[in-house]
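Grab your viewer and work through these short exercises on strand pairing, aromatic contacts and surface patches. Try each task before you read its solution.

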Amino acid sequence: MGQLKGQQVWILIDGGSTHNFIQERLVLALGLPTQPTQPLRVMVSNWHELEYHQWCRDIALQVQDQQFLVNFHVLPLCGVDLVLGVEWL
């Protein structure tokens with residue numbers, strides 16, 4: 001668990017993921033600023049490929065008593081709000 005803009009979020013820390021991802025519904029709900037990016041395909045754990053076109057830069061994420069500025073790629077995630085990958089670690 002963590003917090004983004006005062007809202008509690010579910011986080012998956014995934015050492016097998018190369019990037020950090022954020023649920024697109026959460027981006028809209030919190031009004032997080034996005035920037036366009038070159039389309040990139042990502043293979044997720046069920047072997048499906050998703051394509052993203054946006055990312056959020058320098059988002060303040062609080063985990064326990066620590067705050068981090070994290071860059072997230074925006075994807076339609078299921079089951080969690082955020083995925084923190086090797087990029088974050």
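**Exercise 1.** Work out which way strand 4 and strand 7 run, parallel or antiparallel, and how many bridges join them.

*Solution.* Start with the ranges in this predicted model: strand 4 covers residues 21-23 and strand 7 covers residues 66-75. The two run parallel, joined by three bridges. For a landmark, look at I22, which sits opposite V74 of strand 7.

**Exercise 2.** Now find how strand 6 pairs with strand 7, and check the turn between them.

*Solution.* Strand 6 spans residues 49-63, and its pairing with strand 7 is antiparallel, with seven bridges. One pair to click on is I59, whose bridge partner in strand 7 is V70. Next, go to the hairpin: two residues lie between the strands, and Q64 there has a positive phi near 55°.

**Exercise 3.** Classify the aromatic pair formed by F68 and W88.

*Solution.* Searching the whole structure turns up one aromatic pair. The ring centres of F68 and W88 are 5.4 Å apart, within the 6.5 Å cut-off. Their planes meet at 75°, and over 60 degrees counts as edge-to-face, so that's the class here. The pair ties together distant parts of the chain, 20 residues apart: F68 belongs to strand 7, W88 to the segment after strand 8 (82-84).

**Exercise 4.** Are F68 and W88 buried, partly exposed or exposed?

*Solution.* The partly exposed class lies between 20% and 50% relative accessible area. F68 has 29% relative accessibility, so it's partly exposed. W88 has 23%, so W88 is partly exposed too.

**Exercise 5.** Which residues make the nonpolar surface patch of about 300 Å²?

*Solution.* They're I13, V86 and L89. To place one of them, I13 is in strand 3, residues 11-13.

Methods. Residues numbered from 1 in each chain as written. Predicted model: local features only at pLDDT ≥ 70, side-chain atom pairs only at ≥ 80, totals over all residues. Heavy atoms only, no water. Patch = residues over 30% accessible without salt bridge, like charges linked within 9 Å, V, L, I, M, F, W, Y side chains within 5 Å. Areas by Shrake-Rupley, 256 points an atom, 1.4 Å probe, with all protein chains shown as cover. Salt bridge = Lys/Arg side-chain N within 4 Å of Asp/Glu carboxyl O. Helix = DSSP H or I, 4+ residues; strand = E, 2+ residues; numbered from the N terminus. Pairing = 2+ DSSP bridges. Phe/Tyr/Trp six-rings, centres within 6.5 Å; stacked < 30°, edge-to-face > 60°. Buried < 20%, exposed > 50% of the residue type's maximum accessible area, 1.4 Å probe, protein only.
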